[in-house]
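Hi,

Here is the structure for you to load. My notes follow below it.

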Protein chains: 2
Amino acid sequence: MTRAENSKLPIALDAMGGDFAPQVTVAGALEAQKRGVNVVLVGDEPKLHLELFRQGGRLPVVHAEDVISMDDHAGDVRKRPRSSVQVATRMVKDGEAGAVVSMGHSGATMASALFTLGRLKGVERPAILNRIPSAKGVTYLLDAGANADVKPSYYPQWARLATVYLQSLPLEGGGLEKPSVGLLSIGEEDHKGSQTVLEAHALLRELSNINFHGNVEGNDIFKGTTDIVLTDGFTGNIVLKLAEGEAKVLFGWIREALSSSPLSKLGGLLVRSALQGIRKKMDPSEYGVSLLVGVKGLSFIGHGSADAKAVENGLLYAQRVLESNTLEHLSSALEG
Amino acid sequence: MTRAENSKLPIALDAMGGDFAPQVTVAGALEAQKRGVNVVLVGDEPKLHLELFRQGGRLPVVHAEDVISMDDHAGDVRKRPRSSVQVATRMVKDGEAGAVVSMGHSGATMASALFTLGRLKGVERPAILNRIPSAKGVTYLLDAGANADVKPSYYPQWARLATVYLQSLPLEGGGLEKPSVGLLSIGEEDHKGSQTVLEAHALLRELSNINFHGNVEGNDIFKGTTDIVLTDGFTGNIVLKLAEGEAKVLFGWIREALSSSPLSKLGGLLVRSALQGIRKKMDPSEYGVSLLVGVKGLSFIGHGSADAKAVENGLLYAQRVLESNTLEHLSSALEG
């Protein structure tokens, strides 16, 4: 299939995945359709047709009678080929879809991508690439949760994948020529960090095809010191959830403070729309999904708690990555 | 020495430690003195007397001609017995001071405590206990940076130390009877986490003298799901710096938003004092210092970038812990 043909393939949405499926998945898919995204719903056909009828929309449906729930084990996908996430991922493998998007069990989505699509050449483990708002725009964090235990050798591979991703993706204002790469640690100095991070640091220093900045610290993520921040999937997951949780609590305190007196209530009314923009920037549903990099195909993972807006934004993002030919670039990332 | 006598000992301040020493250390010590704290300055005598003269205050000074700088290695303290942090720590060991407080090289302060004071019975590695503001009050996090690499066996020891600390410390409203303990991981379910965390989880489940809640996630820290959150020193350090960095960037955005239009400027004036309270809550200098738990003596570690307020608050906190007889409780924490 040519590049142009590939980018016209539909996006397979695991319509049964997520805490509020299929209501929010169908609602999000219908909104994305209005914005020009070519979506196929994958899941229980009678349920999906009923939901489409309820919401008064039309979308193609591919049947999958099984669904992996949040209580299942990630490895179960291998034994359940008729689960919605597996059917959707297989469509990517078979060239029937350009990407798979799932708000369901993250581990199952990853396992499905790993077993069905396979790893890219030179990649030991795929990683989740996440976007975090920063003072300079966006910080790209990986691994955001795929690998709780890591080896130093993963880091140079992830550095290369993220670099190529940022170079190829048509960001607002075009791709970055030389995205900077930081290694998350507990001090800026080269000799600070855990044993794994120290070894990873040495390996990253040797790479000539990335723009390695050196170590960065926790505060550098929001500061935007580097475009890319590398970390293990354990720390990456904690970072993401902490960042979201802190913003939530801070905005709660602000809401409280703004209604603490008649004067601050009046002030609160005047500043409401200004603050709304910041809340929106910090809202995880604005981004919707994260890309799993390192597999032979485009697989996007979202929050189980995703709302329709997150599904819609996730599909739009998947479409943008699909059209940018990012996968072809990623595929040759580790050959140079 | 009896308990009552011990609590009357002065606090030894490493007056040469920190980015802005001795100006801010002396200024903070003089403020703490006004609030009833018995402080001894440790460091270069001529410099400290000059600084006291400049600031128009009087405090006892113990001479130490050497100082560990931020560029030195932590292990150097062993070879430099005349460094200010070593002299101050030795005063605790020798019963001349009730606690040591340093805003200098954290690694050196820890090394000094470890080598000079020694570990408590049953403790393999001391840990930094940090306080993070939460929706429910305060979350106590450890290890906040002392051990980048950990073993599962450290966790039950730290759980016990933090539990006893919270039980003994006269918090606002009295000590907690059964503080809850959470293990920081990447999912609430018992089977989620890195290999080390899974093993630590199993060990914590066996303990009958702590109130183990199970796994908590990144967002639970600010939510205040448990009183205590256990993690390795690598993740703990990232958590702290991320939390501070995020608050800083968010407040920067808010400040910008509140001056984006004449209307929001007016609103900003009306809500300023309400927002000030939240900023204050998130300000690291409000807490000042963190306790190193697991050593035979009270050793407090602060930010290198500490201002006079942080030094003052750190000394007040050290005084409060000293008076609460926390050390005696910690000493027998692992015997039961």
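**Helix packing in chain B**

In this predicted model, helix H2 (residues 23–34) of chain B and helix H11 (residues 308–323) of chain B have axes that come within 7 Å and cross at roughly 45 degrees. That angle is over 35 and under 65 degrees, so H2(B) is oblique to H11(B). The crossing of H2(B) past H11(B) is right-handed. From H2(B), the contact uses B:Val24, B:Thr25, B:Ala27, B:Gly28, B:Ala29, B:Glu31 and B:Ala32. From H11(B), it uses B:Ala308, B:Ala310, B:Val311, B:Glu312, B:Leu315 and B:Leu316. By class, the residues of this contact are nine nonpolar, two polar and two charged.

**Chain A against chain B**

Chain B puts 47 residues into the contact, and chain A puts in 47 residues. On the chain B side, helix H8 (220–223), helix H9 (233–257) and helix H10 (262–282) each supply at least two residues. H9(B) gives the most, with 19 residues. The side of chain B that touches chain A has 26 nonpolar, 15 polar and six charged residues.

**Domains of chain A**

The domain assignment splits chain A into domain 1 (1–123 + 294–327) and domain 2 (127–286). Their centres, taken over C-alpha atoms, are separated by 25 Å. How many residues of each domain are in contact? Domain 1 of chain A brings 16 residues and domain 2 of chain A brings 13. On the domain 1 side, helix H5 (106–117) and helix H11 (308–323) of chain A are the elements that give two or more residues. H11(A) gives the most, with four residues. That side of domain 1 has six nonpolar, eight polar and two charged residues.

Best wishes

Terms used. Residues numbered from 1 in each chain as written. Chains lettered and ligands numbered in written order. Predicted model: local features only at pLDDT ≥ 70, side-chain atom pairs only at ≥ 80, totals over all residues. Axes fitted to C-alpha atoms, helices over the stretch in contact; angles between N-to-C directions. Parallel < 35°, antiparallel > 145°, perpendicular 65-115°, else oblique. Left-handed = near helix turned anticlockwise from the far one by under 90°. Contact = placed C-beta atoms within 7 Å. Nonpolar A, V, L, I, M, F, W, Y, C, P; charged D, E, K, R; others polar. Domains from an automatic or database assignment.
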